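The paragraphs that follow are meant to be read with the structure open alongside, moving from one packed region to the next and ending with points of backbone geometry.

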Amino acid sequence: MKKIYFTLLILFISWNVQSQTNQTVRLTGMYLGMSFDAFVEKVQAETPYTFYYKKVDVADIQINLQVSDTEVRLVLDEVFLNTGLTYSIDRSNRIWVTKGSRLLIDFPSEYFNIQARQDLLANAGDSLGEFDKNKLFVIGKATDNPESSTATLSGVVTSIESGNPMNGAIVLEKIDFTQVATDRNGKYRLTLPKGRHTIWVQNIGGFQEQRQIDLKGDGVLNMSIEETILSLDEVIVSSGALSNINKLDMGVQSISIADVKRLPAVMGEVDVLRGVLTLPGVNTVGEATTGFNVRGGAADQNLILYGNSTIFNPTHAFGFFSAFNADVVSGVELYKGSIPVNYGGRLSSVLQVDPKYGRKDKIGGSGGIGIMTSRLSLEGPIDEKTTFILGGRTTYSDWALKFLEDEADFNDSKISFYDINANIQHEINDKNFIEFTGYISKDDFRFDPDTTYFYQNLNLSLGWRHFFNDHLEGRFTIGTDQYNFGIIGQDNPLNSFDYSFDINQLYMRADFESRRNESHILKYGIHAIQYSINPGINQPYGEESIVLLDELEEENAREISVYFGDEFTVNEKLSVSYGGRYMFYQLLGPLSINEYVEDAPITESNVIGEKTYERGKSVKTYHGPEFRISARYILDNRSSIKLGFNTMRQNIHLLSNSSAISPTDSWKLSDPYIKPQTGGQASVGYYRNLLNNKLEFSTEVYYRYMNNLLDYRSGAKIVLNHSVEQDVLNSKGKAYGVEFLLKKNTGVLKGTLAYTYARSLLKTSDEPNVEKINNGEFYSSNFDQPHHLVLVANYELSKRINTSLNLNYSTGRPITLPISKFDYAGSERVYFSERNAYRIPDYFRMDFSVNLEGNHKVKKLAHASWSFGVYNLLGRSNPYSVYYVPEGGKLRGYQLSIFAKPIPFITYNFRF
Amino acid sequence: MKRNIHIILVLLLLMAGCREPYDPEIEPTDIKVLVVEGYLDTEGLPSLLKLSYTRNIHSDEDSNQISFPSGEVFLESEEGEQFPLGSLGEGTFEFAYDIPEEGNYRLKIFTTDGNSYSSEWIKPILTPEIIDVGFEKYEEGVEVYLTTKGDENADNFLWTFEETYAFRSKIPTAYRYDPDLKTVVLATNDLRTDLCYRELSNADLILEISSRFEDQFVFRQTINKIPTGDERLTVRYSILISQKALDKGASDFWEIMRKNTDDLGSIFSPLPSNIGGNIKNDQNPNAPVVGYLSLGTVKQRRLFIGFQEILPWPRIDVPEYFGCIAEQDTILVEEYESAFMSGGYTPAIPIFCENCYDPIGFRKAERRCTDCTLRGTNVKPDFWDE
């Protein structure tokens, strides 16, 4: 505790000192249980100082210090406290340690300023790494454009560790709060008044750096900053705090992998999607699902992208783990409000998971070993221009099942999965880059020898990034996304079957971004997708099987979208983004389509014929525009308001009769009867930073409407249904809510508090439907959970020990309950209430975790950390579902919880 | 496939989950929905139509309080010919007419509370014969199966079954204490307590579509599974399987009922469905009515399985017999009254002396261990074959 206190003290001191002068050499690191000799060796290695001392004087000194960016003199004062030793520093960076009286040397009062002046002429392109912050960089030539009072500073921000460009780093000048975020190539451009400035740069959730510049004219300043996940506290104006107010988009949430890593994990597996679930407006129907609902939308209305690849099933092991390996992800952004114009095709949200590319300096890697899973990734340069990263995960949870086999009746049960990511980046020259991302995952599980389930994702994407000139960037991508699942049943050799489903999409896209004019960022492009779905095939399995081949006709379609958007900075306070997409969708033959009596319900008895379309013939065409408009107005330095309105279209639907995404849910393309889902969202937000930007507050209100949603008639059959249009009900939806987010990004205690009040309602539409659920009134959707509160708190006990607490509360999800009973066919049966008329009990969960970092020596084989904790600390049995079963002719109600006990976990992570 | 999903559920529960009794607070809705159950035989065999109301889910099981609809019920042909059903009381009506299978019919119900109900037009379906029933023993137990074949009229099938089995008490005894004579006597046949018969009710509905198979040949459809060691196969077991051919609507109805009974509450379980049927309230067509009336013929087959056919069959104790032993001390004749009068204990194992004709005493055991009539009846069912 004393040490912690001391650490805090040092931090406090360094904070104050820093604000007075920024030009001294500073020390950062842990010096625990070191002899003075070792300490000196380390300091000499990291700083320009040389020590001179008598060994006998320092023999008794043992150093126990942890410092963070602290002046050397303060550190030495602490070291020599009560030792009778003193020291002095001369202008050649020599430190003279003496006993008793101080060695007298000439020590000019302006020493540090002189040093700064000596550096004045240093070349701005030189990289001194960490010491850059104390230097004054002179940018541009005063003679360039003498009449202008401003000049443009531009450059590239890269990572010190890997040399890669940093996407989304904030470059900021703190007097007028002029700021800009780097683009995905690490580029930034900032227009400032000429003269001296302190430029701050920070990546999201990471380290903050500063540069002293003297801006004389237009010029370039390239910066390298640390992206280490170990954020050493400073006085931080976080990037989030600035973007909170200034960012034009609304309803966008970024999560850094560092944030995700601090969250308590289930079974110790760092899970990107679980990080997403801590955001306001995002909820989930149950614990065994990482399918999520954004602002009252269904799980299939989220576009989940890894780079440019669409991931159709983002989970492993029926939802216990997300499909993303956190080691090959550089960041996650969730767009739930204003969706950028370059995304489309889903109604609710876009989850952009950014792939990580290999570091440029050396081969390195990271990995983790947990109770159920482990992972390993390797990255580095192939040659000077090419880098790679390769990551894989696998599970060995079989042992848990083996253990259970003794207790229960599982013979030969098996759960296994793996995933592999491979990303390659090649720089042809500074204008052309090639990027490749590859992802494959496979899940296999069975619980008895009879039935095996599997599913598989495969995503490949190849992109070419070309800079036509300083202002125009083009990206050309081609890729394929595949997903398939299957079930093999061998219960009885005669009835053995092999059922499978697969979806394939081939896409090409060209995206352009033009910054010709300071106040306009133009985005435009074209996006084409060729879909091909095998909606289900059931074949006999084995020679004896008498199961008949049953196959649904393949579905083919193409979708072409063009888009254009402009981010227009009207003035310092007002920015507007407007644009639109036009989507053209065509379902193609060969296909046979039932014809029904017009304006009558689509039922078997209303079939009047069948129409067959030949290969390549258009079966049905849908097209329409989508609009994207948003605006931001800055009220003052600390607050802003934003408005947005979007419309969206979605041509692909997930057929699911259960409330969670299940491994047997299949996708369906729009056809003449199942129309594209359309919808719109209007939102207003207010953003304010409090207490010197230490706290961010934001609130957003939204209203959504949705058309052509799918609900299912009673007893609907989804698997191998040749006329699925007869079993679905055309429905309308509406959702509205208000979200509050309070966030603290700085200090020893960090965290977020998110509260959402939201409703999500459905209604069978007025079209001729065979059945009107709840008599055609609005009813709660399966994920209508009005109150949702998430608290994530992170407390840093020391630089090495980090604790996290996560609280999660939400209203129970709606459920259709049995309200009465009757006797039928020799047993008591249940009669259910209206659809979703009741709710399961409220959900509340608390998780706790501790991350223990290894020591901070720069040179060592591997950097290791442990994370351990408890999921569902209170052991509350949160019901996932409630249900009734007749037992011996009597009806009994049960509630089912999935994690009804505290689940401890431990994971060992390493990095080299 | 469904079964495996249940196993997933069980697995999840074992991993960390749990299943607890649940008693939600449901508004005491006074919902009273008419329920109609019947598969009326069109070849003249007497068949039953049952009318009832749904009851509150928490209502007590006192059958005296259950109110049944009463009124008039008749079947009507398209030509207007009426076939009235005779009331047997408690909402049960009997139908016994041989009607032409080519026609379409509908049921009309006029209840005494002033409502009337009509079914949709129904075409009778003749159920094909059951080709074979049988069983097979596996490591896990015994599986009862059925083979049949669909035809152009009968494609959707529903099977239900009734089980009856003979069993012995844990400690069988041929004696009983006669409280009138105040002594132990050999039990006569109608008072014997060592061998009984028990009927089991079940909620199982087995549905299959024959056109899924080659030539509509449904081969060895699993009807029931009895796990190894189960008491049902310790003496003799009988299962009566009913086969009914259904039209598409009826098949949907039974599928919903099956789903609502079997498939709820697991991880990937489908949403519960509101059940309806083919009967509507004439006054308010939106008012719910539960039930699907079918017309046609029912085919039945009974199968017996004796314990000799499935040996070895390890016997697993039923919970009712937990801790059953015959006590070591012998109860002598003069102690009979004090030992057996209360009925808690019965004579179990007779103790004889050399050359005695009558036992000199008994070792006693708890009644629950010796008296099988506590769990069944000692009256052999009429259909019993041995």
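Leaving aside its neighbours within four places in sequence, B:M257 is in contact with A:Y824, A:R829, B:L205 and B:I275 in this predicted model, and the same residue, B:M257, belongs to the largest nonpolar core, a set of 76 residues. Along with B:M257, the members that touch the most others in this core are B:V36, B:L49, B:W159, B:I223, B:I241 and B:W254. The greatest contribution to this core comes from strand β13 of chain B, residues 156-168, which supplies seven residues. Apart from this core lies another one, of 69 residues, and among its members are A:L279, A:A299, A:Y483 and A:W667. As background to both, nonpolar side chains tend to be buried together in soluble globular proteins.

Chain B as a whole has a secondary structure of four helices and 26 strands, and buried residues account for 37% of its 386 residues. If one takes the contacts in chain B between residues at least 6 apart in sequence, 68% of them join residues that are at least 24 apart.

In chain A, strand β30 (residues 472-489) pairs with strand β31 (residues 497-517) in the antiparallel sense over 18 bridges, and within this pairing A:F485 has A:F501 of β31(A) as its bridge partner. Strand β31(A) is also joined by 18 bridges to strand β32 (residues 520-540) of chain A, again running antiparallel, with A:N504 bridged to A:S532 in β32(A). Two residues separate β31(A) from β32(A), and the two strands form a hairpin.

Elsewhere in chain A, five strands form an open sheet of mixed pairing, in the order β15-β22-β23-β18-β19. The edges of this sheet are β15 (252-256) and β19 (309-310), each of which pairs on one side only. At the β19(A) edge, strand β18 (residues 302-306) pairs with β19(A) in the antiparallel sense over two bridges, and A:Y306 stands opposite A:S309 there.

Which residues of helix α2 (residues 36-46) of chain A are buried? They are A:F36, A:F39, A:V40 and A:V43, and because they cover an arc of only 100 degrees around the axis, they lie on the same side of α2(A). An α-helix has 3.6 residues a turn, so residues three or four places apart point the same way. The elements that cover the buried residues of α2(A) include β1 (26-35), β2 (50-52), α3 (55-58) and β3 (62-71) of chain A.

A single residue of strand β34 (residues 555-569) of chain A, A:A557, gives a further view of the packing. A:A557 counts as buried because 25 other C-beta atoms lie within 10 Å, and, its neighbours within four places in sequence left aside, A:A557 is in contact with A:Y531, A:Y585, A:Q586, A:L587, A:L588 and A:L669. Between A:A557 and A:G616 the separation is 59 residues in sequence and 9.3 Å in space, C-alpha to C-alpha.

Several loops carry backbone features that deserve a look. The peptide bond from A:G589 to A:P590 is cis, with omega near 5 degrees, and A:P590 is placed in the loop between β35 (574-588) and β36 (591-596) of chain A. In chain B, a cis peptide bond with omega of about 0 degrees joins B:L311 and B:P312, B:P312 being in the loop between β23 (298-306) and β24 (330-332) of that chain. A:N836, in the loop between β51 (827-832) and β52 (838-839) of chain A, has a phi near 55 degrees, a positive value in a residue other than glycine, and A:N836 is buried, with 23 other C-beta atoms within 10 Å.

Finally, confidence in the prediction should be kept in mind. The model scores ipTM 0.78 and pTM 0.69. Chain A has a mean pLDDT of 80, with 84% of its residues reaching 70 or more, yet over residues 107-130 of chain A the pLDDT is below 50. Chain B averages 83, with 88% of the residues scoring at least 70; within chain B, confidence is lowest in helix α1 (residues 2-15), at a mean of 43, and highest in strand β10 (residues 116-119), at 94.

Key: Residues are numbered from 1 along each chain as its sequence is written. Chains are lettered from A and ligands numbered from 1 in the order in which they are written. A nonpolar core is a set of buried Ala, Val, Leu, Ile, Met, Phe, Trp, Tyr and Cys residues joined through C-beta atoms within 7 Å. A residue is buried if 20 or more other C-beta atoms lie within 10 Å of its own, exposed if 12 or fewer, and partly exposed in between; C-beta atoms are placed from the backbone. Two residues are in contact if their C-beta atoms, placed from the backbone, lie within 7 Å. Two strands pair if DSSP finds at least two bridges between them. The arc is that of the directions from the helix axis to the C-beta atoms. pLDDT is the predictor's confidence in each residue, from 0 to 100.
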